[in-house]
Every structure is written in structure tokens, then in C-alpha cells.
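User: Please take me through one part of this model closely. I am new to this, so explain the terms as you go.

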Amino acid sequence: MKKLSSHRLLLVVLLLVGAQLSWVSSWKRDEFRNCNQTPFCKRARSRKPGSSSLIATDVTIDDGDLTAKLVPKNNPLEEEQIKPLILTLSVYQDGTVRFKIDEDPTLHPPKKRFEVPDVIVPEFLDKKLWLQRFSKELLDGDSVSSSIIYLSDDYEAVLRHDPFEVFIREKGEGGKRLMSLNSHGLFDFEQLGVKMEGEDWEERFRGHTDTRPYGPQSISFDVSFYDADFVYGIPEHATGLALNPTKGPGVEESEPYRLFNLDVFEYIHDSPFGLYGSIPFMLSHGKSRGTCGFLWLNAAEMQIDVLGLGWDDSESSLISLPSDQNRIDTLWMSEAGIVDVFFFVGPGPKDVVRQYTSVTGTPAMPQLFATAYHQCRWNYRDEEDVSDVDSKFDEHDIPYDVLWLDIEHTDGKKYFTWDRVLFPNPEEMQKQLAAKGRRMVTIVDPHIKRDESYHIHKEASKKGYYVKDATGKDYDGWCWPGSSSYVDMLNPEIRSWWAEKFSYHDYVGSTPSLYIWNDMNEPSVFNGPEVTMPRDAVHYGGVEHRELHNAYGYYFHMATSAGLVKREDGKDRPFVLSRAFFPGSQRYGAVWTGDNTAEWEQLRVSVPMILTLGLTGISFSGADVGGFFGNPEPELLVRWYQLGAFYPFFRAHAHHDTKRREPWLFGERNTELMREAIHIRYMLLPYFYTLFREANTTGVPVVRPLWMEFPADETTFSNDEAFMVGNSLLVQGIYTKDAKHVSVYLPGPESWYDFRSGSVYKGGVTHKLHASEESIPSFQRAGTILPRKDRFRRSSTQMENDPITLVIALNSSQAAEGELYIDDGKSFDFEKGAFIHRHFIYSDGKLTSINLAPPPAHYSSDCTVERIILLGLSPAPKNAIIEPANHKAEIEHGPLHLRPAAGRASVLTIRKPNVRIADNWTIKIS
């Protein structure tokens, strides 16, 4: 390879920088396609209800599944053009239905359509119910019988033969519908073609050409949710929690919700435009029916319309829909792939999330340090800067656990390397942090610099491990290093090779306290169409990029996570943050909401974005505290810390063009307020860690919409300014500058206790409260017990053996309950039973600790209960007797919080009962 002259090299660099700056300055709408510029979306949206003429024939049971062929009805001209499609319906435990439609392989299509691998967990497939038979039923108005399939004692699936339709209903003739597919006859399936001479299948956008070698191959269909008041899910969009209609009467500037992973700088809020990740999973919820869920496992670009009431009034549908059930209709459109959909029957919101994560996997259990506070910036300049920031946290009595390094720490944007001028001793730097119980995270992106002196590139190139362009050459695109290629993560062999690169031998300068950040993995390509990889690029097995685009970052995340596990010989849990995501990403680490901006509206929209991620399986998520772009005013930054302290993933981050914004740079009062917000997070770490374990075992998210805990309270259904942390804490953000008052709706019939003062507030009403600068409104729910740690250290690691405080918030029956989960905070030993799981119950004047850990649980801890706080106890007791030790402990008035900054309320307290967390015990209060 010839070397560039210095002048030519400078010119190339300047051109690249200029191109990047023009892009990174802000989001430009015309950089990206809208529906009218996306042919498959435009075609699907133009179809009229009843346009599908397919009927189901040859219905039978095969290998435990119901199978059928879909053919056009009595249309010889159409039959010549459309080959039969193969339909397969499978039933699984818990009432889950899987429904697939694909081309008939016996008719020799040009290639096999892509089915997304390595997302469905193996244990789900083991839950298949092998169908032996089905029954027939003549539905009202039909001339041909439909097939009825048993799902559970309460539900059944119906395959309507003519016209083709699938729906889930309550059991029995005339049972109410839950969900249906193709009830409006909008199903369309474009089969792969062989290009004939003279045909032009190419698509062009902003100077880029997509060759489309197999022609149009899109799929679209309608899905209806019955007795639903709202629908939610399908991240990632910067919108409210409840999905607004995108088409129909009164909808202006109609655009569907787009799912297409893209690198979007400074994204705007209240937009259906797709961002960094895609999860094609939608939930419906209504007061009368409860919750249902629908997943389309497809990694191609997707567009989804939520159809407004009356969207089809002007059309004469060929299918008669039930008239006595309200419904929300949706239209799902994808560029490629197959129909591979799942129906989840609920009936409660936690049931649906549990059912969904039984398919895609529950969230990984994080290490304890990862649930604490992270400090990040693009970029901490050098080792001296790292040391200075670290010491300043101690100087200002602010705990933190992780310090992050962005792309500038590398040698010329070559990942797995260090700039040895700025970071000459990376191992020693990490060891100094580790001595205080702190970790470091470095960035590793998927674009590999095309530099013959770079060992990763040389090896990947030699082994043929890069994604290919449409001509079969290694794809070459531009990203941070300049000319770059992209490792083909679809190939399991290549993922294993990538995982090896995280070994201490390959990643020189890394230590056991170093963890990883995957950015730009949509993938981002600065000079590519829509700033990503061309759709006709080719992956392992001849798969076109269009078919797997939304899963590329998922496979990259998977391989990186596997690398950290392998590095530690399978002993320690990994921590990997990813920007791109897909169903199943929750199994490999955390995600964040990307490149937000220091604006009040971005603070507000962070809540529904994080709640939506939780509803769709990804519990471990957060937003950049303070906003990535721009310079937040101090009040906004303080409010963001106060809210971010309750995010599952709590990290401050900033662009390199912004002013430094560590918490001590905004004056003593603001430092005090930010310090207190961070301290609250550390105080609540036992509670958060317990919630992460709940997510790990059930899929139920750490932070939740109010309606997940109060599913019958209609006031909560569209409330996305407040949220629940677990079932015990309600948090209401403050989203406006100079706010004097804030309105907080407290759901349910029971009372709520102010988190700072212990004051009691009535449930079921909206309260207008003073907006204090000290904190945002937060409340403990009556009937719950909250575990805390009240001693403050430099990091979570140093809190390991600190005692627990239990805050008991009694309900109107003078009862409460809660849980506490403890393990070693780092290893996989908890999977073998090495943990403590306690259930605390207060009833009839007794507090009892019950073991929830199944045998053979064998984790030991000397951690004790230091204080028990009693809120709402009447009349005030005087003594407490601890059994089985049979000794007394006095009850006195003490502070609700030990730190004066957290509030000076005085509450009933049992001091130093000195009971061990690991033991069974009872405390009688008299």
C-alpha cells in the first residue's frame, strides 16, 4: 500500500472532519427517509381494507403444530402471480401463540428468507404444547368453518379460513376477542423474485443506490387490540408513553412509528422517528380487559401505524368485526424477513412482560457497582485528568463507582489500544481506581480502522471476517477513524473470535476492573445511506443487510458481553453498555437513550423513553444526565441529577464541545444539591439491587409506569411524568424552569408517605405541592417495606458490610411487606444458590423475616439491621421484643434520614435491634 503524502493526508482529514461536523452539528430531517420516500411503506399505506384475498386451505396438524397453505381465492390471474404461502401456528405454555408465514421452500424461491437467530431462548422452545387435534366452528356470517386451537383453560386461538384471519379470544363460542391479525384484510406478502431483463429494481436516495437483487420483498398486515384504552411499546422513539395515532381523522403530517436503528445526533422529542434501537413489541392495556402483547420477530426496517378512530370509515371492509368491543387498530409494515409473531394473552401487565421475556430472555443480573453512579465525558484527557476527577469526588464527599473513557483514549481510534502519550500507564491508572472500589469503562465500537499496522484489521481482513459490499469486497465506510470496515457479527465463529479480543493478552493495558461501552453499533457509517450501512451489503450466509439491520448491534453487544465473561473464565458478570438494541439485548447488559440535549423537554421525554424500554424487556436503561449536547443551566442540571438518581442506569455524560460539568463546578449550593441526589441513589442501592433481581427472575422492570402497579386506575394510563421504582416508590419529576408548584397524582385507595419528611398524603387524588429545590417529589407507598443503607462511602464496594435500615410504611390495616436480595455483587454464584432473599412482613404488631431462598441457598453475610423506622403506626408503642433471642429493644423518635440535607423529620424508630439479615426472626411491638 502506497503512503499518502502529508499534504494529501491533511486534505483527506480535513474533508472527513468537515463531513463529520456537518453531520454532528444537529439532526437534519432530510438526511433520513420518510414513509413516502420508502417504497414498501408507501405501498402498504396505500392499500385499502379488504384488499387481501387469501384463504387458508389444507389445514392439518404436523409435528405438533397447526399448518395450512395461504392461497388467493378464486382469482386465476392472481394465482398465476402468487405462489402459496406456508402458515404454521404453535402453542406454548402460559397461553403464548407463535404464528409464522413464509414462502414454500418446495417451490424453490431464489433464496431462503431471513429468520432472526439467537434471540429466542432455548428454554422457551422446550415449553411447546404439542397439538394433537383442533376443532371446527362456523363463525357468524361465514360459509366455511374455522379451526379452533386450545391455548389454556381460558383462551383459544382461531384460524379463520375464508377470509384468512387469526385471532385470540376467551374460550367458548362468542368469547370476547383479545387480539387479531388481518381482521381488516390488509395482509400482503411480496415474494422474492428473479430479475428479468429490462427490470429496474433499484432504489435511490440522496445519491445512494440500493441494487435490491431479489426485488421488493416486504410484508404488511393489520393487528387489532380489543377492549384497549391505549397501546405502548415499540421503542425507540422520543415520544410519550402512550402511542398516539399516526393515521386517521385529525392526524396531521402523518408518519408511522419507524423502527430502523440509526445514529441520530440531537434527536427531537415528540417525533415517531426511529432512533438507535428497535423492539417490535407492542402492549395494549385497558380497564375492562387488562393487558395483551404482540411481538413481530423481524430485524428489517419496520414502520408501524397506530390507526386513529374512524380511519376506515370511508372504506367498506370485507370482514365483519365485532361491534360490541372497542379496539385499537395498528398496521405493521416491514421491508423483508418473514412473519414470525407472538401473541401474549396477559391478563395483567406483569404477566405480559413475563410472557415476553420467557421468549427473549430476562434481563441479566448486573454487578452491584453497575447499579451505582457513573461519571463519563467525551473525553477525560489523560491520566492526570482521570486522577484529578477521581480525587475531586472524594474531596467533595460525592460517591461514584465508574469513570468512563471515550474514543480519544485510543491510539488513532483503534480500539483495544491506548494513546501511550496521554495514557502511558493504563493498568496502574485502573488499579488506583480499584483500590477505592471503583471501575473504569472504555469504548469499543464496531468500525475497525483500515490500517495495515493495526492487528485487529489485519486479522479480520485475512480471515474474511468483514461484512461485504454488493460486489463481494470488504465493505469500506467512514466513521471516527476514517476508512473503516465492519466485523460480520451474524457469524457465530466471528463472534467467538471477537470475544477473544478482550483477553488480557489481546487487550493490552486492561485489568479485571475494566468494562466496556459499545457505541455507534446501529451501525453508524458517516458516508452511508441514512448514515448507516447500505441495505444490499452482504453478511454471513448471503443474508442482505436489509434483512438483519436492526439486529446488528444486538449481535455486537452479545459478542462483547461474551468476551468479558470469557476474560474472567466465566466467574464474573460482565458489564457492557450498548446504544443499539433489539429483543434479547436485556440478556447482555445495559442501554441508554443516546445523544440527547441539555433541554427541559429532553429531561421530560427521558421518562417515557426509559419506561417504554422497561415494558419491552430492557430494565437496565438510562439517559445521559445533563444532556449530551449543550450546556445545561445549573437548575436543569440539578433537576436532572434528582431525576436521574432514580433511573435504573445512572450516568452523567457530555459532548467534548461542552463546558466541563462535574458536580462541583456550579457553586456550593448546587454541588450540595447534586451530592444529595447521588447520596439518595447510594442509600437506595439495596432496594435497587433487589429490583434488579426481580427483573432477572420475572422480567418485571425496575422502573414502571404507574398503571403497571395500578392497572384499573384510568388516571394512570397516560401519565408519563411520574413513575414507580418497584412497587414501593413513586417519583414525580420537575420538568420546567423556575417551577413554584408541581402536581402529583398518587394512585390507589391507600395513603402515601413523603420520602423525605414522612408526611402522609391521601391516595386517589392529585396534590398540588410546593416545588422544593432540595428534591423532586417522591413517596413511599403505604403497605411496603423499603430496605436502605444509610452510611455513605466512596463507592458501593465499600458499603458491602454496612447495616440495613428498614422503613416500614403501614397501610390502613396496619400492615406492610417488602423484600431484600443480597449476593456477592459480582459473580455468577447466585445462579447456584449463593444468595440471601428475605421477605419482611409486618402484621398484627409483628415484623417477621422469612427466607425466600430455595435450598440449597448457601450465601453467608454478617450484615445486620441497624434501624427499623415505623411510619403510620398508631398508637405509638414503647417496646419491641426480638425473638428468638428474647431481648428488648427500645422504640424512640429518631431522624427519618441521618444526613441533615435529606430532611430533619423525626419518626418512630427501633434502634439497633441487631438482627442478622440472613436469619429468621420476629420483632413484636407493644
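Analyst: Here is a close look at a helix, with a short turn to enclosed space at the end.

The model is predicted: local features need pLDDT of at least 70, and side-chain atom pairs count only at pLDDT 80 or more, while totals for chains, interfaces and linings use all residues. Residues are numbered from 1 along each chain as its sequence is written, and side-chain values use heavy atoms, leaving out hydrogens and water.

Start with helix H8, residues 455–463. Helices here are DSSP runs of H or I with at least four residues; strands are runs of E with at least two; both are numbered from the N terminus. Ile456, His457 and Ala460 of H8 are buried, meaning under 20% relative accessible area with a 1.4 Å probe, protein chains only. Down the axis of H8, these buried residues fall within an arc of 95°, so they line one face. The arc is taken from the directions between helix axis and C-beta atoms. An α-helix has 3.6 residues a turn, so residues three or four places apart point the same way.

What covers that face? The cover of the buried residues includes strand S25 (447–449) and helix H9 (492–500), with contact meaning heavy atoms within 4.5 Å. Just after H8, Gly464 takes a positive phi of about 75°.

Now the enclosed space. A cavity is a set of points on a 1 Å grid over the protein atoms alone where a 1.4 Å probe fits but cannot get out; lining residues have an atom within 4 Å of a point. The largest cavity is lined by 15 residues. Arg33, His208, Asp210, Pro529 and Arg535 lie nearest its centre. Strands S12 (203–205) and S13 (208–210) each give two or more residues to this lining.

Note on methods. On a 1 Å grid over the protein atoms alone, a cavity is a set of points where a 1.4 Å probe fits but cannot get out, and a pocket is an open set with protein on both sides within 12 Å along at least five of seven lines; lining residues have an atom within 4 Å of a point. Buried means under 20% relative accessible area, exposed over 50%, partly exposed in between (1.4 Å probe, protein chains only).
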